[in-house]
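Here are a few exercises to work through with the model open beside you. Try each task before you read its solution.

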Amino acid sequence: MVDGFVHAMNMTCVHDLKPSRIVPSIEGIVARSYPLSMKFAKNRWIAFREIVLEDDSGWVTVEVWGPSAIDILRGRNIRLKNAYCFMKNERLCLTLSIHSHLEIGTQA
């Protein structure tokens with residue numbers, strides 16, 4: 001019972017996001033998944049995909065890098081840990097860094 005309560009306390013929702021901060025944990029459903037592309041970063045080509053993460057409070061764009069960008073599909077439940085929140089084109093966006101983690105759950 002305590003674990004469930006602590007888990008709920010640490011979860012962030014889209015409505016609570018603020019720029020220039022690390023988001024400890026956020027989860028939602030992949031409402032939209034844009035086409036997979038490749039970007040040149042850190043002297044190599046890396047798989048890249050933008051998705052829209054939706055929860056009960058709203059939606060936010062998420063930049064997904066690496067193998068996770070290949071595996072992620074629309075309608076999946078996902079949890080992001082230690083994602084970085086920033087402003088892009090006057091809207092909030094999350095990105096996964098080296099220290100971030102993405103868990104892909106079941107289809108909604």
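**Exercise 1: Burial and layout**

Find what share of the chain is buried, and work out the order of its helices and strands.

Solution. Start with burial: in this predicted model, buried residues account for 34% of the 108 residues. Next, count the elements: the chain has two helices and seven strands. Finally, follow the sequence from its start, and the pattern reads α-β-β-β-β-α-β-β-β.

**Exercise 2: The nonpolar core**

Which elements give two or more residues to the largest nonpolar core?

Solution. Begin with the core itself, which has 20 residues. Those with the most contacts inside it are L17, I26, V62, I78, L80 and L94. Now assign the core to elements: β1 (21–33), β3 (44–55), β4 (58–65) and β5 (76–88) each give two or more residues. The largest share, four residues, is that of β5. To finish, select L94 and look around: leaving out residues up to four places away in sequence, its contacts include L17, I26, V62 and L80.

**Exercise 3: The partners of β4**

Decide whether β4 runs parallel or antiparallel to β3, and do likewise for β4 and β6.

Solution. Take β3 first: it is antiparallel to β4, and eight bridges join the two. A hairpin connects them through two residues. For a landmark in this pair, look at F48, which stands opposite W65 in β4. Then turn to β6 (residues 91–95): it runs parallel to β4, with three bridges between them. Here T61 stands opposite C93 in β6.

Technical notes: Residues are numbered from 1 along each chain as its sequence is written. This is a predicted model: local features need pLDDT of at least 70, side-chain atom pairs count only at pLDDT 80 or more; totals for chains, interfaces and linings use all residues. Side-chain values use heavy atoms; hydrogens and water are left out. Buried means under 20% relative accessible area, exposed over 50%, partly exposed in between (1.4 Å probe, protein chains only). A nonpolar core is a set of buried Ala, Val, Leu, Ile, Met, Phe, Trp, Tyr and Cys residues joined through side-chain atoms within 4.5 Å. Contact means heavy atoms within 4.5 Å. Two strands pair if DSSP finds at least two bridges between them.
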